[in-house]
Amino acid sequence: MPAGGLMSVDYKKIITIEPGKRSGQPCIRGMRITVYDVLEYLAGGMSEEEVLDDFPYLTHEDILACYAFAAEPKRRIKHPQTL
């Protein structure tokens, strides 16, 4: 992937948040599949190809948007520094 590849995906055009849908969790293109669902599948060992095969309505850009959403600095977990 080229440098800055994730940031070239404007996740704000793909990731939607609707209070009445999936308890306001971030979803992909208004569907009921959440960013967290996709990231859990990937973290659980599924490849991108497997996710796309299991969910044919998702695209490669949707997966990149999930990564970009999670990587946004304000969403990063801050760990206390050890002395």
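This report covers the fold, helix α1, the β1-β2 loop, the salt bridges and a charged patch of a predicted model.

## Overall fold

The chain has 83 residues, of which 35% count as buried. Its secondary structure comes to 3 helices and 2 strands. Along the sequence these elements follow the pattern β-β-α-α-α.

Strand β1 spans 15-16 and strand β2 spans 27-28. Helix α1 covers residues 35-43. Helix α2 covers residues 48-54, and helix α3 covers residues 60-71.

## Helix α1: two faces

Four residues of α1 are buried: Val 35, Asp 37, Val 38 and Leu 42. Viewed down the helix axis, they fall within an arc of 165 degrees, so they line one face of α1.

The face turned away from this buried side carries Glu 40 and Ala 43, both exposed. Asp 37 is a charged member of the buried set. Its relative accessibility is 18%. The cut-off for buried is under 20%, so Asp 37 qualifies.

## The loop between β1 and β2

Two residues in this loop have a positive phi without being glycine. Arg 22 has a phi of about 50 degrees, and Ser 23 has one of about 55 degrees. Both sit between β1 and β2.

Their exposure is as follows. Ser 23 is exposed, with a relative accessible area of 70%. Arg 22 is partly exposed, at 25%. Arg 22 also takes part in a salt bridge, with Asp 37 as its partner.

## Salt bridges

A search of the whole structure finds 3 salt bridges. One joins Asp 37 to Arg 22, with the closest N and O atoms 3.1 Å apart. Asp 37 lies in helix α1 and Arg 22 in the β1-β2 loop, so the pair ties together parts 15 residues apart in sequence. Asp 37 is buried, while Arg 22 is partly exposed.

Another joins Arg 29 to Asp 62, with the closest N and O atoms 2.8 Å apart. This pair links distant parts of the chain: Arg 29 is in the loop between β2 and α1, Asp 62 is in helix α3, and 33 residues separate them. Asp 62 is buried, with a relative accessibility of 2%. Arg 29 is partly exposed, at 39%.

Lys 21 and Glu 18 form a salt bridge as well, with the closest N and O atoms 3.5 Å apart. Here the lysine is the buried partner: Lys 21 has a relative accessible area of 17%. Glu 18 is partly exposed, at 33%.

## A negative surface patch

Glu 49, Glu 50, Asp 53 and Asp 54 form a negative surface patch. Glu 49 belongs to helix α2. Glu 49 is exposed, with a relative accessible area of 52%. The cut-off for exposed is over 50%, so Glu 49 meets it.

## Summary

Helix α1 has a buried face and an opposing one with exposed residues. From the buried residues of α1, Asp 37 pairs with Arg 22, a residue of the β1-β2 loop with positive phi. Helix α3 contributes Asp 62, which is linked to Arg 29 in the loop between β2 and α1. Acidic residues including Glu 49 make up the negative patch.

How values were computed. Residues are numbered from 1 along each chain as its sequence is written. This is a predicted model: local features need pLDDT of at least 70, side-chain atom pairs count only at pLDDT 80 or more; totals for chains, interfaces and linings use all residues. Side-chain values use heavy atoms; hydrogens and water are left out. Patches are made of residues with over 30% relative accessible area and no salt bridge: like charges are joined within 9 Å, nonpolar side chains (Val, Leu, Ile, Met, Phe, Trp, Tyr) within 5 Å. Accessible areas come from the Shrake-Rupley method with a 1.4 Å probe; for residues, only the protein chains shown count as cover. A salt bridge is a side-chain nitrogen of Lys or Arg within 4 Å of a carboxyl oxygen of Asp or Glu. The place of a charge is taken as NZ of Lys, CZ of Arg, CG of Asp or CD of Glu. Buried means under 20% relative accessible area, exposed over 50%, partly exposed in between (1.4 Å probe, protein chains only). The arc is that of the directions from the helix axis to the C-beta atoms.
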